[in-house]
Amino acid sequence: MNQTLIVQALCKWFTATEGRFDALCDISFGVGAGEFVAIVGASGCGKSTLLRIIAGLEQPSSGAVLVDQRAITGPGCDRAMVFQDYSLYPWLTVLENIRFSLRLRSGFRAADSAPAQSVAERAVLLMELMGLTRVRNAHPHELSGGMRQRVAIARALLRKPQLLLMDEPFGALDAQTREVMHDLILHIVALERPTIVFVTHDVEEAVYLADRVIVLAPGPGRIDSVWPIGLSPALERTQDLKRSAAFLAAAREILDRIRATSGLQSDLDALRRLTGHAMRAVTPVM
Amino acid sequence: MWIAAWWAVTALQLIDPLFLPSPGAVVRRFGMWLRDGGLLQDAGISIFRVTAGFLLSAAIALPLGLVIGAYRPVRAFFEPLLEFARYLPAVAFVPMVLLWAGIGESSKILVIWIGTFFQMVIMLSEDVGRVPTPQVETARTLGASGREVVILVLLRSAMPAMFDTLRITLGWAWTYLVVAELVAANSGLGYAILKAQRFLQTDRIFVGIIVIGLIGLGTDQALRWLHRRLFPWAGARP
């Protein structure tokens, strides 16, 4: 398959006072064109760091990231990123936020870039697709969290990036809004076939949206396992799918892997010991 | 209510009028001072000095604060100097200022500049530093160059906070005005207060203080109104 993203033997370490701290160790994987890959893992496994390195916002300590066979050196408009929150420009309206990259010169320098006219039309199209037409002239502070993330996604998609990177984009939303956003993403996947790398801590979200789920294990961050998710095509997925046996089995298996790698078990043992002590301590002496 | 309390205290002669003149005396003095034309002249020259010193500070501090807030190496270069300079008491510079700038208008403007500039630069650079990181990083992943990030995101995003910083430092500029008018001035509200002190004209001192207070209150309210007009999106967190 045509690989849009290739991560090669990537390591990231930080120098701390206690010596070297390994955040990511020997990460290698590829993402095909039009593929949706979700990265999950216990907190501290470095999944956000990995995404930030792919975005070019952080430098790897060793290894390489290739997008369309070219090694990346820094952030660029071929890899748009959607953050969890606080990424919209509060002084711009919804439509102005979506069109933000039209203000940048870089988009016009690229040889294969579309003319500004068609990009402007695309901004309106994306706004309609995201259901934002009614609030086109509103400012971000007037919008709900879900609406804000729609703006952020539309803005990221404007230039048809080779790679769409999403860092827990729905982490700050309530459960109902998140479900609506999931179905919206699936529609965009069906319509535009973007290549997506999606970081989340929500396993159900990952199984519902992705073609493939990568489980990262912490200490140091490494790939624990890769799970192909062969659910139905994007547009045929509905919330009912989340109650199907195949869905639940996949979600449970992945969740078990995360638990097994997270060191949570030892925390639980410690808690049991503590409550055991406490129980004995408060038991009245006859 | 505060004025009523003031009037009651003086009317009952609880306090020697030398220490606290009655509202009536202050109003009479205000009328006299206004009629002989001195008050408007004093207020005018004081407003000119404050404005000139403040604008001079702002003109240098705005670009410098932006660059310091945006670029880590620039910050590392200037920060020790600024942290040192902002503890320098502007009052202590008065003899030097006289030596450097003579006794003309420039010496008063220079004192106000010393008193406000260093604080202003530090506060402005912190305003820029408080711009949410995702706003900057989003721009970079959309292909913005370093310069575009500074102009289109950092400056734009920090603007309401920077405006507030200027409003606050304008208040300090008035404080340093009185100090500045110690520097061999022969006009201005601060000078008038000092001269009144010499003749124990407490009602005159009160007029001077109240006029400075009213000018400050007026400009502050005007700037707040302007802030709401210019940045209606600020205030509410995005």
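This is a guided tour of a predicted model, stop by stop, with a selection to make at each one.

**Stop 1: the two domains of chain A**

Start by colouring chain A by domain. The domain assignment gives domain 1 as 3–78 + 162–282 and domain 2 as 85–160. If you place a marker at the C-alpha centre of each, the two markers will be 26 Å apart.

Now select the residues where these domains touch. Eleven residues of domain 1 of chain A are in contact with ten residues of domain 2 of chain A. On the domain 1 side, helix H6 (residues 175–192) of chain A provides the largest share, four residues. That side of domain 1 of chain A is made up of nine nonpolar residues, one polar and one charged.

While helix H6 of chain A is on screen, pick out Asp183(A), which lies in it. Asp183(A) counts as partly exposed because it has 16 C-beta neighbours inside 10 Å. Add Gln239(A) to the selection: 56 residues separate Asp183(A) and Gln239(A) in sequence, yet their C-alpha atoms are 8.6 Å apart in space.

**Stop 2: a four-stranded sheet**

Next, show chain A as a cartoon and find the open sheet with strand order E2-E1-E4-E5, paired antiparallel. Its edges are strand E2 (19–32) and strand E5 (70–71) of chain A; each has a single partner strand, so one side of each has no neighbour in the sheet.

Move inward to strand E1 (residues 3–16) and strand E4 (residues 62–67) of chain A, an antiparallel pair joined over five bridges. To see the register, display Val7(A), which stands opposite Val65(A) in E4(A).

**Stop 3: strand E6 and its parallel partner**

Select strand E6 (residues 79–82) of chain A. Are the faces of this strand covered or open? Both are covered: Arg79(A) and Met81(A) on one side are buried, as are Ala80(A) and Val82(A) on the other. As a reminder, side chains in a regular strand alternate between the two faces of the sheet.

Bring in strand E7 (residues 163–167) of chain A, which runs parallel to E6(A) and is joined to it by four bridges. Here Ala80(A) stands opposite Leu164(A) in E7(A).

**Stop 4: where chain A meets chain B**

Keep E6(A) selected and turn on chain B. The contact between the chains involves 25 residues of chain A and 18 residues of chain B. On the chain A side, E6 and helix H3 (106–109) each supply at least two residues, and E6(A) gives the largest share, with three. The chain A residues that touch chain B divide into 15 nonpolar, seven polar and three charged.

**Stop 5: the largest nonpolar core**

Now show the buried nonpolar side chains. The largest nonpolar core has 130 residues, and those with the most contacts inside it are Val37(A), Ala154(A), Leu165(A), Val197(A), Phe198(A) and Ile112(B). Helix H8 (residues 146–180) of chain B gives the most to this core, 14 residues. Both domain 1 (3–78 + 162–282) and domain 2 (85–160) of chain A also give residues to this core, so it lies between them.

Zoom in on Val37(A). Leaving aside neighbours within four places in sequence, its contacts include Val31(A), Ile196(A), Val197(A), Phe198(A) and Ala210(A).

**Stop 6: helix H5 of chain A**

Select H5(A), residues 145–157. Eleven of the 13 residues in H5(A) are buried, among them Arg148(A), Gln149(A), Arg150(A) and Arg155(A). Try a distance between the end C-alpha atoms: they are 19 Å apart, which agrees with the 18 Å that 13 residues of H5(A) should span at 1.5 Å a residue.

**Stop 7: three backbone details in the loops**

Follow the chain on from H5(A) to Lys160(A), in the loop between H5 and E7 of chain A. Its phi is near 45 degrees, a positive value in a residue other than glycine. Lys160(A) is partly exposed, with 16 other C-beta atoms within 10 Å.

Tyr86(A), in the loop between E6 and helix H2 (94–98) of chain A, has a positive phi of about 60 degrees although it is not a glycine. With 17 C-beta neighbours inside 10 Å, Tyr86(A) counts as partly exposed.

Finish at Pro220(A), in the loop between strand E9 (212–217) and strand E10 (222–228) of chain A. A cis peptide bond joins Gly219(A) to Pro220(A), with omega about -15 degrees.

Technical notes: Residues numbered from 1 in each chain as written. Chains lettered and ligands numbered in written order. Predicted model: local features only at pLDDT ≥ 70, side-chain atom pairs only at ≥ 80, totals over all residues. Domains from an automatic or database assignment. Contact = placed C-beta atoms within 7 Å. Nonpolar A, V, L, I, M, F, W, Y, C, P; charged D, E, K, R; others polar. Buried ≥ 20, exposed ≤ 12 C-beta atoms within 10 Å, placed from the backbone. Pairing = 2+ DSSP bridges. Core = buried A, V, L, I, M, F, W, Y, C linked by C-beta atoms within 7 Å. Expected span 1.5 Å × (residues − 1).
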